[in-house]
Amino acid sequence: MKVSPSPDDDYQTIEIKLSERWQVYYRLQELGVTCACQSNQPLQIKMTSPLGVLQVWNVVRQQTTPRTQLIEWLETCWRTNLPVDSNLKKNYEN
């Protein structure tokens, strides 16, 4: 994924494969991220908040990362032992 400023300063250009571009575009639309995509043109995204940047990163990552790597990442998350607040644990168990 390549990100660069577009001629319109409000938007960033994201260059991804054509086969992935429309899926990313439609998912970002569902999430409420302002973006534009025209035939044979790179995806244009307006990033206005840290949450929007995170959403763009996550959607692009899900579309461009091989499934095996995504599975490995998820399994690593499941194995990670983080301290759990005892009150949170009680609420979850009930």
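Trainee: In this model, does Glu30 count as buried or exposed, and what makes it so?
Mentor: The model is a predicted one, and in it Glu30 has a relative accessibility of 61%. Exposed means over 50%, so Glu30 counts as exposed.

Trainee: What makes the contact of Glu30 and Arg27 a salt bridge?
Mentor: Their side chains meet at 2.9 Å, taken from N to O, and the limit for such a nitrogen and a carboxyl oxygen is within 4 Å, so the pair qualifies as a salt bridge. By this rule the count comes to 1 salt bridge. Both Glu30 and Arg27 lie in helix H1, 3 residues apart, which is about one turn of the helix. In general, an α-helix has 3.6 residues a turn, so residues three or four places apart point the same way.

Trainee: Why is Arg27 called partly exposed?
Mentor: Arg27 has a relative accessible area of 37%, and the class called partly exposed is the one in between under 20% and over 50%, so Arg27 belongs there.

Trainee: How do you know that the span of H1 agrees with what its residues should give?
Mentor: The helix holds 14 residues, 18-31, and at 1.5 Å a residue they should span 20 Å. The C-alpha atoms at its ends are 20 Å apart, so the two values agree. Just after H1 comes Gly32, with a positive phi of about 85°.

Trainee: Which residues of H1 are buried, and how do you know that they line one face?
Mentor: The buried ones are Glu20, Arg21, Val24, Tyr25 and Leu28. Seen down the axis of H1, they fall within an arc of 140°, so they line one face of the helix. The face turned away from that buried side carries the exposed residues Ser19 and Glu30. What covers the buried residues includes strand E3 (35-36), strand E4 (43-45) and helix H2 (50-64).

Trainee: Why does Tyr25 count as buried, and what is Trp22 called?
Mentor: Tyr25 is at 15% relative accessibility, and buried means under 20%, so Tyr25 counts as buried. Trp22, with a relative accessible area of 28%, is partly exposed.

Trainee: What makes Tyr25 and Tyr26 an edge-to-face pair?
Mentor: Their ring centres are 5.2 Å apart, with 65° between the planes. Rings pair if their centres lie within 6.5 Å, and planes over 60 degrees apart count as edge-to-face, so both conditions are met. Ring pairs link Trp22, Tyr25 and Tyr26 into a cluster, and Trp22 and Tyr25 both lie in H1, 3 residues apart.

Trainee: How do you know that the charged end of Arg61 sits over the ring of Trp73?
Mentor: The charged end of Arg61 is 4.6 Å from the centre of that ring, set against a limit of within 6 Å. The rule also asks for a position within 35 degrees of the ring normal, and the charged end is listed as sitting over the ring.

Trainee: Where is Asn40 placed, and why is Asn40 called exposed?
Mentor: Asn40 lies in the loop between E3 and E4. Its relative accessible area is 68%, and the class begins at values over 50%, so Asn40 is exposed. The phi of Asn40 is near 55°, a positive value in a residue other than glycine.

Trainee: How many helices and strands does the protein chain have, and in what pattern do they follow?
Mentor: There are 4 helices and 4 strands, and along the sequence the pattern is β-β-α-β-β-α-α-α. Of the 94 residues in the protein chain, 22% are buried.

Key
Residues numbered from 1 in each chain as written. Predicted model: local features only at pLDDT ≥ 70, side-chain atom pairs only at ≥ 80, totals over all residues. Heavy atoms only, no water. Helix = DSSP H or I, 4+ residues; strand = E, 2+ residues; numbered from the N terminus. Expected span 1.5 Å × (residues − 1). Buried < 20%, exposed > 50% of the residue type's maximum accessible area, 1.4 Å probe, protein only. Arc of directions from axis to C-beta. Contact = heavy atoms within 4.5 Å. Phe/Tyr/Trp six-rings, centres within 6.5 Å; stacked < 30°, edge-to-face > 60°.
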